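Please look through the model shown here and work through the questions that accompany it.

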Amino acid sequence: MKQGGSDAAKRAAGEAAAETVEDGTVVGLGTGSTAAHAIRAIGRRVDAGLDAVGVPTSFQSRELARENGIPLADLDEVSVDVAIDGADEVAGGDLVKGGGAAHAREKVVDASADRFLVVADPSKETEALSYPVPVEVLPAARSTVAERIEALGGDPDLRRAERKDGPVVTDNGNLVLDCAFGEIADPGSLATALSTVPGVVEHGLFVGLADAVYVGSEDGVTVHEP
Ligand SMILES: O=C(CO)[C@H](O)[C@H](O)COP(=O)(O)O
């Protein structure tokens, strides 16, 4: 994932979005270092009396929410009022996500929310998406999906684990192909094409889902409503 942004900028964005969580609501808890700041801030607010329930998007966000005392629910038990999640690249309201290989559950939770707030540092903002699109695939479909992605003009690369020999395995037991397409002229068309490839569980293009983008910096937070 892009690592250009400062932790102070990520913290500013995460904490500003966490501040908008209202009493008596259900919050989708995103994955990654920026969303982690939001989770810790929500935990502090719960500790101070906020009545909120979290729906995690990954093993990692579930663990962090537990450590921070946030009551949790599964998505089939509640409906999500607001989701707060990070991104690897942001172009207006379109995103590439999945740097943490959590984009399948993230998309289910973020898309189900009444409001989806993206939290990011300025290094994530761009005019046109070009970050390699993470594609979660069934292990048995790795080669056939890779061929289809090449036919769509992409360059698929199996994501490998840093601290073990072999591939990254998602929370759902699948593999990830990071697919470079260069500058993506039409994210909507590419998203539709990827979704129709047999064996693709989910891809990291989030097109038109964001309701607001909180961009933090050392000097404060700017909120865009795409
Ligand atoms: O999509 C994600 C995980 O699947 C993350 O939200 C994305 O990678 C951004 O992470 P960070 O806030 O650490 O830069």
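The questions and answers below go from the ligand shell to single residues and then to the strands.

This is a predicted model, in which local features need pLDDT of at least 70 and side-chain atom pairs count only at pLDDT 80 or more, while totals for chains, interfaces and linings use all residues. Residues are numbered from 1 along each chain as its sequence is written.

Q: Which helix gives the largest share of the shell around the ligand?
A: The shell holds 19 residues, the closest being Gly32, Thr34, Gly86, Gly99 and Gly100, where a residue is near a molecule if its C-beta atom, placed from the backbone, lies within 6 Å of it. Two elements give two or more residues to this shell, namely helix 2 (33–47) and helix 4 (103–112), helices being DSSP runs of H or I with at least four residues and strands runs of E with at least two, numbered from the N terminus. The largest share, 3 residues, comes from helix 2.

Q: How many residues of the shell around the ligand are polar?
A: Ala, Val, Leu, Ile, Met, Phe, Trp, Tyr, Cys and Pro count as nonpolar, Asp, Glu, Lys and Arg as charged, and the others, Gly among them, as polar. On that division the shell has 5 nonpolar and 4 charged residues, and the polar ones number 10.

Q: Is Ala101 buried or exposed?
A: Ala101 is found in the loop between strand 5 (94–96) and helix 4, and has a positive phi of about 60° although it is not a glycine. A residue is buried if 20 or more other C-beta atoms, placed from the backbone, lie within 10 Å of its own, exposed if 12 or fewer, and partly exposed in between. Because 25 other C-beta atoms lie within 10 Å of Ala101, this residue is buried.

Q: Which residue does UniProt list for "active site"?
A: The listing comes from an unreviewed entry, and such annotations, given in the numbering used here with shortened feature names, may be inferred rather than shown by experiment. The residue concerned is found in helix 4, and it counts as buried because it has 31 C-beta neighbours inside 10 Å. Not counting residues up to four places away in sequence, it touches Gly30, Thr31, Thr57, Asp85 and Lys97, contact meaning C-beta atoms, placed from the backbone, within 7 Å. The residue listed by UniProt is Glu106.

Q: Which residue is the bridge partner of Pro156 in strand 9?
A: Strand 9 (residues 175–180) is mostly covered, with 5 of its 6 residues buried. Strand 7 (residues 133–137) is joined to strand 9 by 5 bridges in an antiparallel run, two strands being paired if DSSP finds at least two bridges between them, and Val137 there stands opposite Leu175. Strand 8 (residues 155–158) also pairs with strand 9 in the antiparallel sense, over 4 bridges, and the partner of Pro156 is Cys179.

Q: Is Ala180 buried or partly exposed?
A: Ala180 lies in strand 9 and touches Pro132, Gly154 and Asp155, not counting residues up to four places away in sequence. Its C-alpha atom is separated by 18 Å from that of Ala102, 78 residues apart along the chain. Because Ala180 has 14 C-beta neighbours inside 10 Å, it counts as partly exposed.

Q: Which strands stand at the edges of the open sheet with the order 4-5-11?
A: This sheet has 3 strands with antiparallel pairing, and 2 bridges join strand 5 to strand 11, with Leu95 opposite Phe206. Each edge strand has a single partner strand, so one side of each is left without a neighbour in the sheet, and these are strand 4 (89–91) and strand 11 (205–206).

Terms used
Two residues are in contact if their C-beta atoms, placed from the backbone, lie within 7 Å.
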